[in-house]
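This briefing is written for a reader who has the sequence and the coordinates at hand. Please keep both open while reading.

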Amino acid sequence: MATEVKAELLESRLSMEDFMKMQSLFLLSGSSVLPMSMQRAEFVERCCSVIGRGSQEEYGHLFDSVDVSREGWVDWERLATFLLLCLSNKEEHAKAAAVPHWRPARTLPTPHRDTIHSITHLPTSGRYLSVSKEGTLAVWDEKNLTLLRNHRLSNDSVKPKDLWVTGMVVLPNVHKIACSFTSKEICFYDLLSKQEFSLQYKLHGLHYTPISLHYWHHPQRPEQAVLSFGDVGGQVSGVCFRSALISLFERPSAAVEQDSAVSISWAELQQGCHRCCYTVTHTAHTGHWVRTVRFLGSLEAFVSCSSSAQTSMVLAWREGETRPLRVATFHTENGIIDLDYHPGLNFIATAGENNQVCLWNPYLISKPVGVLRGHVTSVVAVRFMLGKKQLISFSKDKVLRVWDMATQLCVQRIAGIFPKTQECRTLLFFHEERSRLFLSFNSALLLLEAKKESGRRVMSHESAVTCVLYNSLFRQVVSSDASSAVTCWLMDTGQKVKQFHRCHGDAEISTMALDTTQTRLFTAGTDGVVKVWDFNGHCHHSLNAGRGLAVEIAQILVLKRTVLVLGWE
């Protein structure tokens, strides 16, 4: 009986002494800094001669794995980052890094007439909530996603026709929701009252209109909580609760009816009139809208973003009740639209106007520790899948990508299934427990739900397989199917690592080919089009081989300066 032998990768066989030798290769003679970078041939030759362990082919493969963007060089910073990600939690990553296998997209019927501003989950009651600009609050059943009811939010400060909701957040430890309005107010609605969603507190007199909300409570001490919000004036504020389980705010006097809403001014909160809470504020984004705000409990810091190049992202560290926030600013070329945080990896992911997703270390503000390239238009939303250590990003041209954080590569690309609305606001909400991804497009709501995979079994194609190639550069098998999907599999383990859907729309992929560098994939569809892709799922070229006709392409020959396409009409 044959015994399967799995050769360990070179980076798994190298010792600490070998890594120190490798680091020394990047040192200039007599220097303690690491300014050098090396091209592929030099890297392979010097590693083989100095380290000794491993072959030229293995060091070439290591170089190619680090230089995924094909810039032709590596330095110690890039190499060390790759090695750290590659060597940490290998068994956990192998289990978690499977590509999500989504069920067909569903459009949920909604009562919303205007733009949806928030989607969230009520963990205590098993419900989903969505709220739209005109104040319609929809309640959905978690199990079968049926619309249970809808409710019109009330705010006696404005007429119903002038009501404009800008955001919503759930306060799960105190069974409330908070909604922000253009009337420069934040209203708190009780979920346990006899009259559902009754107004309990109203925070008024804010300096600017709040447009982004976030709520955090301590997992072991739920009486400690923080409500953070950002506004159109560039101000980030936090209300830090000391005894949230008893009361968020103090009731003014016994003369006020118990069931009536308590009105609190922002000025009295800042003056410390309420002993159960205190406030913190910074104005680092002055003049720019605060697009997203989060309080990171593990870091004791507020993180926020704006479209300003100078203050694209701001981290404000909380160092006590009486001390001001310690502010650090992060700069990008064109500003940031959205962000999310992974506490386990300690990564902040940002969605950029420059078509890039950046990964930041909160303690390193000079530059991102990773840049995920592949989108061709502005990235409008990012969300982490915490358990799988993957990141979802969505761009303005309605392309969804899934990125693996260990390799920082795109493992899935989905396009062509989203509404074709020209201008729309898109929100992402990922429900970790049920692996559900909600996407809003103005007033429309779309659901992608991941299928549960049994054990460690890897699902194959949903339709007939049409072509299979082997990429020796990445040691991967590339397969295509009749539903126009391309899938990449690890040769050693059989694990699915990448999948790109609807590469030719509804047309079947008939054949594929690789170029001589094996960094470009050519796919041919029954629509008569040949497309050229990189292995991040980005289409670089479309060749109209069928001249607009649906033809059957049987073979692609990639020559030195020519692409030869064979087939019949």
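The points below treat the nonpolar cores, the sheets, the hairpins and the salt bridges in turn.

The model is predicted: local features are reported at pLDDT of at least 70 and side-chain atom pairs at pLDDT 80 or more, whereas totals for chains, interfaces and linings use all residues. Residues are numbered from 1 along each chain as its sequence is written, and side-chain values rest on heavy atoms, with hydrogens and water left out. Helices (DSSP H or I runs of at least four residues) and strands (E runs of at least two) are numbered from the N terminus.

**Nonpolar cores**

- A nonpolar core is taken here as a set of buried Ala, Val, Leu, Ile, Met, Phe, Trp, Tyr and Cys residues joined through side-chain atoms within 4.5 Å. Buried denotes under 20% relative accessible area, exposed over 50%, and partly exposed the range in between, with a 1.4 Å probe and protein chains only.
- The largest such core comprises 27 residues, and L391, M405, V478, M512 and L521 have the most contacts inside it.
- At least two residues of this core come from each of β22 (347–352), β23 (357–360), β25 (379–385), β32, β34 (486–490), β35 (496–500) and β36 (509–514).
- A second, separate core has 24 residues, among them A178, L248, V262 and L269.
- In general, nonpolar side chains tend to be buried together in soluble globular proteins.
- Contacts (heavy atoms within 4.5 Å) of M512 include C467, L469, V478, V486, L521 and T523, when residues up to four places away in sequence are not counted.

**Sheets**

- Two strands are said to pair if DSSP finds at least two bridges between them.
- An open sheet of 8 strands runs in the order β25-β26-β27-β28-β35-β34-β33-β32, with mixed pairing. The edges are held by β25 and β32; each has a single partner strand, so one side of each is left without a neighbour in the sheet.
- Neighbouring strands of this 8-stranded sheet are turned by 20° against each other on average, direction ignored. For such angles, axes are lines fitted to C-alpha atoms (for helices over the stretch in contact), and values run from 0 to 180 degrees between N-to-C directions.
- Within the 8-stranded sheet, β27 (residues 399–404) and β28 (residues 409–415) run antiparallel and are joined by 6 bridges. R401 has R413 of β28 as its bridge partner.
- Another open sheet has 4 strands in the order β17-β18-β19-β20, paired in the antiparallel sense. Its edge strands are β17 (292–296) and β20 (326–330), each of which pairs on one side only. The twist from one strand to the next averages 15°.
- In the 4-stranded sheet, 5 bridges connect β17 to β18 (residues 301–305) in the antiparallel sense. R294 is matched with V303 of β18 as its bridge partner.

**Hairpins**

- Strand β36 is mostly covered, with 6 of its 6 residues buried.
- β36 pairs with β37 (residues 521–525) in the antiparallel sense over 5 bridges. M512 has T523 of β37 as its bridge partner.
- The hairpin of β36 and β37 has 6 residues between the strands, and Q518 takes a positive phi near 60° there.
- β6 (residues 136–141) and β7 (residues 147–152) run antiparallel and are joined by 5 bridges, with V139 partnered by R149 of β7.
- The β6 and β7 hairpin has 5 residues between its strands, and L145 in the turn has a positive phi of about 60°.

**Salt bridges**

- A salt bridge requires a side-chain nitrogen of Lys or Arg within 4 Å of a carboxyl oxygen of Asp or Glu. The count by this rule is 21 salt bridges.
- D67 and R78 form a salt bridge, their closest N and O atoms being 3.8 Å apart. D67 lies in the loop between α4 (56–66) and β2 (74–75) and R78 in helix α5 (residues 76–87), so the pair ties together parts 11 residues apart in sequence.
- D67 is buried at 3% relative accessibility, whereas R78 is partly exposed at 25%. A network of salt bridges links D67, E71 and R78.
- K451 and E462 meet through their side chains in a salt bridge of 3.4 Å, N to O. Both K451 and E462 lie in the loop between β31 (444–449) and β32 (465–471), so the pair ties together parts 11 residues apart in sequence.
- K451 is partly exposed at 29% relative accessibility, and E462 is exposed at 58%.
- R323 and E319 also form a salt bridge, at 3.6 Å from N to O; E319 is partly exposed, with a relative accessible area of 31%.
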